[in-house]
Amino acid sequence: MVKAIRRLTVRISLPPEISALNDVIMNLRWVWHEPARALFESIDPQLWRACGHNPIRLLGEVSADRLTALAADEHFKRMVDGSAADLRDYLDDRGWYGAANDKATDAGTPLPRQIAYFSPEFGITEVLPQYSGGLGILAGDHLKAASDLGVPIIGVGLLYGAGYFAQSLSADGGQRETYPHHDPDGMPLTKMIDAAGDPVLISIDLPEDQVLHAQVWRAQVGRVPLLLLDSDIEANSAALRTVTDRLYGGGKDHRIVQELLLGVGGVRAIRAYCAVTGTAAPEVYHTNEGHAGFQGLERIRELMTGRGLRFDEALQAVRTSTVFTTHTPVPAGIDRFEKSLLIDVLRDDRALPGVPIDQIVALGDEADPAVFNMAHMGFGLAARANGVSQLHGDVSRDMFNSLWPGFDRGEVPIGSVTNGVHAATWVAPQVFDLARRTAGDRPVGFDLIEQVPARELWELRNDLRDGLVSDVRRRVFASSLQRGMTAAELGWTSSVFDPNVLTIGFARRVPSYKRLTLMLRDPERLRALLLHPDHPVQIVLAGKSHPDDGGGKELIRQMVRFADDPEIRHRIVFLPDYDIEMARELYAGCDVWLNNPLRPLEACGTSGMKSALNGGLNLSIRDGWWDEMYDGRNGWEIPTADGVEDPDRRDDLEATALYDLLEREVAPLFYAAGDDAVPTGWVDMVRHTIASLGPKVIATRMLNDYVRALYAPSALAARAAERDDFAQAKALAAWCNKVRAAWPTVRVAFAESSSDDADHGLGSHLNVRAEVHLAGLSPDDVLVQVVYGKPDDDNELRVPAYAQMQPVGGDGDDHWYAADVVLDRQGAFGYTVRILPQNAALASSADLGLVSTA
Ligand SMILES: *Cc1c(COP(=O)(O)O)cnc(C)c1O
């Protein structure tokens, strides 16, 4: 057989009667708009599935006769026109943001005109396989929610020729990876062209006279454009064509060029996009994880060459308009390079001409002097930063405390915005149908779930589980064939899973901290749960391991081998090639969504949110989002053995807790049906889950939070920084230099106190006075504070309070300050005095990482 070295897709032209279908296909809103999907499906239901729900492939493969027939079909034509009109209405609506911006504008503080959102991966649909896991799915949901709300975002990423990878299983249960090439012409993408109709080419100069070029594909996600850079073009050398070959593939030297393209090339792509389309330039730049960090350096370069700013001035201007989101407390998850590698890529002043390389390198300093840390640069280039759940915010403040030395962890300027999920993408159509039926002519809302009769809710869950069981059977059959079995020996796959058995799902990437195999700690106990005579459970598992992660692949092998046992294979399955399509089936059909990470390493986790929106109950370690949203009645908490040092023992304890919960609480509740066959206790929990979690886990809540807490303040700060030829950014840079130079000799000379009550009674006032030396700085440059509270045995103030001291006089460089503190708690009391830099243009007084404590 001859193998084609390249495949391409010939796009068809539709008969004019139904040409509007093209508009509906090319805007990815169909991904979350069921009527449009139903329309595609009606063209040819079998082909629709065979084409992997890709409407472009569908039209490429449907017969000409069928198209001609459809073009003559009045009903179909009306459906097409209706869909196109509905899309136009959606695109024309200014949404929530339009109204919010009117209000903000009246108040003199308009919301950002435009926001750029960078991410190394985007999970929007299985048809665009440009994601590996939660980070990408989150980015996709971010864009979709922005589109729904009318938030003006431009997404920026890379188009990877082979995506992440396709996973299958070998006969012995090992993970096999293949890298099928995804032809951009076969996907809903448009090439960006200039006014003359030529493809726009982005370029980055590299050492030794090399130039990296990229073309730019645009995916239109509702109202939001997503620009994807693609290096696989003839203008590039053979080696540079492979820069965007795979997501998270290749060695560090490969990854650093990818990230250069994402960051530097991404900014250049935005500039080209804005020029070509007449779109306003972004006022805020949001980087989803550290990989896109070079975007800040490119913007510094622009300001240095275009506006004549010095590096430190440009840095201030860029920081004010940048938001950085950190996504992982797992050290291996942090993007790091050898400094020598970075210096090598940037050498000869080619990629970022004019930006001093020593200044760049310093931004990524970390404990290891040879290593450049992209997360550290992320914080350095952003005045505002956040983690992705409250707990993760806390963990991040601790983890990155060293970047703000001298500050308590609670003061580290990293906030949190808890992730959310895009309901219209992840909620099964049957759930929406029920919601609409219940709402009648009222608006659909989560509170309406209270009015749905128990029987109806239970029937919905049964229906969804039923659908999953069919999917599981089909997938197990296909996977078994792929593993080398023949159809003749696969009769058993038609009775895999039982539509009436409690169904538990566990699907996600397979890094070790997520503990895919925790349930295998005691295989006999797991078997007993699966085969329980009255209360059996069935478990569906899925997830890809990074191809270089041998440990993860071994976990998959163990799991598959366990599930291969003929005694239990009807109750536990591992489905290969986890993707968005499978994910939707699992979230809809599973009764229980299991998550057992090693706390606190799950930054947020979002799969459980998607399950909850479909009425699945979470059974999870109190980590990530579950730590803040579990309320005792909306699912179960697997108790953690925090503090148990021995990892084996900890796994044993937590696995035992999991088995106990399943055996004693979860399964009995599921099977406790009354005479009417409805398990009311279970249904009540489903109801409460949807009502209580629904409004909190949706991505529109998340977007709201980002706009309010991060985007709007960033835009205001950025406007102030750039006014009058960047006067404020320049002044701030000069001020920072002055403060940094003076700081080593800024100090608290002495502090003393007297009380209005010699016995220090409860409620009495303590008058604290201090003398500070400001090394030439003025009192306006600093904040002097009393730090006070209950001291521990080492006199550490664990949970301090702060009171601002007022200047009360001075002599030359000696300044006197005073403050009154109320002794409002009995017991031990301690205080100290400290000095911080203060400038209204700083996002936080911890920003410079400078503090001088008595
Ligand atoms: C939601 C989702 C994830 C994220 O799962 P976690 O719970 O965050 O681990 C990963 N992959 C796919 C396909 C998803 O839809």
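So, strand S18, residues 592-595: in this predicted model, both of its faces are covered. On one side sit Val592 and Leu594, on the other Trp593 and Asn595, and all four of those side chains belong to buried residues. If you have the structure open, please click along that strand with me.

Now, which strands does S18 pair with? One is S15, residues 502-507, which runs parallel to S18 and is joined to it by two bridges. To find that contact on your screen, look for Ile504, whose bridge partner in S18 is Val592. You'll remember Val592 as one of the buried residues from a moment ago.

Another partner is S19, residues 617-621, again in the parallel sense, this time over four bridges. Here the residue to pick is Asn595, since its bridge partner in S19 is Ser620. And how does the chain get from S18 to S19? It passes through helix H23, residues 607-613, making a β-α-β crossover that is right-handed.

Okay, let's move on to the cavities, for those of you who like empty space. How many are there of 30 Å³ or more? The structure holds seven. The largest has a volume of about 60 Å³.

What lines that largest cavity? Going through the chain, we have Arg319, then Phe379, then Ala382, Ala383, Arg384 and Ala385, followed by Trp404, Pro413, Ser844 and Asp847. Sorted by class, six of the lining residues are nonpolar, one is polar and three are charged. Among the residues in that lining are Arg319, Arg384 and Asp847, if you'd like to select them.

That's my tour, thanks everyone!

Note on methods:
Residues are numbered from 1 along each chain as its sequence is written. This is a predicted model: local features need pLDDT of at least 70, side-chain atom pairs count only at pLDDT 80 or more; totals for chains, interfaces and linings use all residues. Side-chain values use heavy atoms; hydrogens and water are left out. Buried means under 20% relative accessible area, exposed over 50%, partly exposed in between (1.4 Å probe, protein chains only). Two strands pair if DSSP finds at least two bridges between them. A crossover is right-handed if, with the strands pointing away from the viewer, the path from the first strand over the helix to the second runs clockwise. On a 1 Å grid over the protein atoms alone, a cavity is a set of points where a 1.4 Å probe fits but cannot get out, and a pocket is an open set with protein on both sides within 12 Å along at least five of seven lines; lining residues have an atom within 4 Å of a point. Grid points are joined across faces, edges and corners, and a volume is the space filled by probe spheres set on the points. Ala, Val, Leu, Ile, Met, Phe, Trp, Tyr, Cys and Pro count as nonpolar, Asp, Glu, Lys and Arg as charged, and the others, Gly among them, as polar.
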